[in-house]
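Here are my notes after a first pass through the model. Have it open while you read, and tell me if anything looks off.

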Amino acid sequence: MNLCLQRLDGRQTYDYRNIRISFGTDYGCCIVELGKTRVLGQVSCELVSPKLNRATEGILFFNLELSQMAAPAFEPGRQSDLLVKLNRLLERCLRNSKCIDTESLCVVAGEKVWQIRVDLHLLNHDGNIIDAASIAAIVALCHFRRPDVSVQGDEVTLYTPEERDPVPLSIHHMPICVSFAFFQQGTYLLVDPNEREECVMDGLLVIAMNKHREICTIQSSGGIMLLKDQVLRCSKIAGVKVAEITELILKALENDQKVRKEGGKFGFAESIANQRITAFKMEKAPIDTSDVEEKAEEIIAEAEPPSEVVSTPVLWTPGTAQIGEGVENSWGDLEDSEKEDDEGGGDEAIILDSIKMDTGVEVSDIGSQDAPIILSDSEEEEMIILEPDKNPKKIRTQTTSAKQEKAPSKKPVKRRKKKRAAN
Amino acid sequence: MEEEMHTDAKIRAETGTGSSPRGPGCSLRHFACEQNLLSRPDGSASFLQGDTSVLAGVYGPAEVKVSKEIFNKATLEVILRPKIGLPGVAEKSRERLIRNTCEAVVLGTLHPRTSITVVLQVVSDAGSLLACCLNAACMALVDAGVPMRALFCGVTCALDSDGTLMLDPTSKQEKEARAVLTFALDSVERKLLMSSTKGLYSDAELQQCLAAAQAASQHVFRFYRESLQRRYSKS
């Protein structure tokens, strides 16, 4: 039994907070404010191939996102439970209730159907996300217009919004979720809990209903045990609330429709209240750009000419090139390791390029085993060249003073000492 | 064209039904800004430029994860969410541009080992989106009381095929333009904080666009100043 309760914000037990619906300039865009909870909804459409087992039906896709600005606790990866719960409830409410006629979304059976995508973003979390989200979803779907399509035999023509007016979706009914919060094992119930009330509630009962008093979805969570007559009473309350909310939605849609038809101004700019002290508007402001050309010329005249860029790329092997010289190698000396392998035939070093490079540490890829790269000896250190067979991939080089390329040879190479390339 | 300022009557503004032609004297679209509209974030602002609208929320200075903390200054994070679909590479790149701009002005050294998070939500996109994001971020940072050394604003320029300069282009103008340049300018000396460009242009055109953006930024900063004056007029 409900005694006379005082809620934090002064509402009565069955009172909803103020609902405010505003539309954007694109069709299918709306922002719903339930008290301070704010949800942005946008509907978009795309022509896709239908699902294999439902070749004549369009596809509906719902996505509710809890934006990180909605609450400090909403970080990516930390909201998954709540997110899954809300998304699933929304899907059951809108998809399973068949409020949208998916057969009408079919263009060419088995080949092309409309995919309607509803994206909802929670902008501010002050409790009762599911109600606000379900209102935003259904309002956005009712507001949305899809491009007109005509099928003549095999030919399908998709008209742009300029050619033919876009067409609204076929919506049978508008299911709206109503949430009930229970306290003290079902003793007290509150409709439309705000964030503080949600934190301390025992359980939540969500009933999705349309104005014809048909229950589309019902979900009880939190482990509360409700009596049959409590649930029945809640459904009656939900019926009343849904009727009020549906009327509000229809009025808002009608107003927007009227403004658009009369050519007045619509969009979010109009919904910013003029009289609020935190809101400010400025009209179209012409900017005097007559002197930009002179200013630009002055700046260019005074600027120094761009520095000469000398770019001399060095081709090590096919697939490996180098521009620039890199920085000094800060590694210590590589240990010498004696190699007592057989000497192959005369290994010739080909100097690809006679640029003197002071420093360089490169790890070069030997793309092909046929052309092992030798990066040449430094002036001070000895160069150890690993056998290409054993270490096919990389050779770490030390400071180089010139570059030499080895002739293709798979034979192990002897250590070379202090060889300097001619300049 | 006479500039009329009506604050309560119906005013001519750019609406979604096609853009009214803006002549060679370029102009900025109708601006609107509302601050402190969200109750949870520390600071929030909704910025509208014509039909482009971006909502920004700022949390900070707040606790930072140990993995992300910087010992001597605040960790600034920017998150941009598109309206439709999942965020992709374009959003990541814009996030980085906005973050670099904010880091240049926010006095992070006053709040070491904290995090300042700027969350941006695209509410509608009708051209000049990056500039609108920058403006919304700045107003939200001001609303949150984050210390900054200067305010910043974003201005977009578009160059069309005959070299005509357009400020604050609509999406149709951006699509048909040869080059689109966005600049972030600071309020103290109108210096350049960030520039992001797309398309072909000569260096003379770049300097012209920059000069035009600097001229436009004066209006934007005047708008900021007037809106803040209005907000604090009764305290």
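1. Start with the hairpin made by β1(A) and β2(A): 5 residues sit between the two strands, and A:G28 in that turn has a positive phi of about 90°. Bear in mind that this is a predicted model. β1(A) covers residues 19-23 and runs antiparallel to β2(A), with 5 bridges joining them. If you want a register check, A:S22 has A:I31 in β2(A) as its bridge partner.

2. On its other pairing, β2(A) runs antiparallel to β3(A), residues 37-48, through 6 bridges. These two strands also form a hairpin, with 2 residues between them, and A:G35 in the turn has a positive phi of about 70°. Here the register can be read from A:C30, which stands opposite A:G41 in β3(A).

3. Is β2(A) mostly covered or mostly open? Mostly covered: 6 of the 6 residues in this strand, which spans 29-34, are buried. That holds for both faces, with A:C29, A:I31 and A:E33 buried on one side and A:C30, A:V32 and A:L34 buried on the other. Do look at A:E33, which is among those buried residues.

4. A word on the annotation. An unreviewed UniProt entry places "domain: Exoribonuclease phosphorolytic" at residues 16-147 and 173-238 of chain A. In the model, residues 16-147 are 23% helix and 37% strand, and the end C-alpha atoms of that span lie 36 Å apart. For residues 173-238 the figures are 26% helix and 39% strand, with the end C-alpha atoms 16 Å apart.

5. Now the A/B interface. 52 residues of chain A are in contact with 67 residues of chain B. About 5500 Å² is buried between the two chains, and carbon and sulfur atoms give 61% of that area. On the chain A side, A:F280, A:M282 and A:K284 lose the most area to chain B, together 16% of what that side buries.

6. How many salt bridges are there between chain A and chain B? The count is 5. One to inspect joins the side chains of A:E195 and B:R40, at 3.6 Å from N to O. Polar contacts between these chains come to 17 residue pairs, counting pairs with both residues at pLDDT 80 or more.

7. As for which elements of chain A touch chain B, β2, β3, β6 (112-124), α5 (268-271), β15 (279-282), β16 (285-286) and α6 (292-302) each supply at least two residues. The largest share comes from α6(A), with 6 residues. Note that β2 and β3, the hairpin strands from point 2, are on that list too.

Note on methods
Residues numbered from 1 in each chain as written. Chains lettered and ligands numbered in written order. Heavy atoms only, no water. UniProt positions renumbered as here; feature names shortened; annotations may be inferred. Helix = DSSP H or I, 4+ residues; strand = E, 2+ residues; numbered from the N terminus. Buried < 20%, exposed > 50% of the residue type's maximum accessible area, 1.4 Å probe, protein only. Pairing = 2+ DSSP bridges. Contact = heavy atoms within 4.5 Å. Buried area = accessible area lost by both parts, 1.4 Å probe. Salt bridge = Lys/Arg side-chain N within 4 Å of Asp/Glu carboxyl O. Polar contact = N/O pair within 3.5 Å; in protein donor to acceptor, adjacent residues only side chain to side chain.
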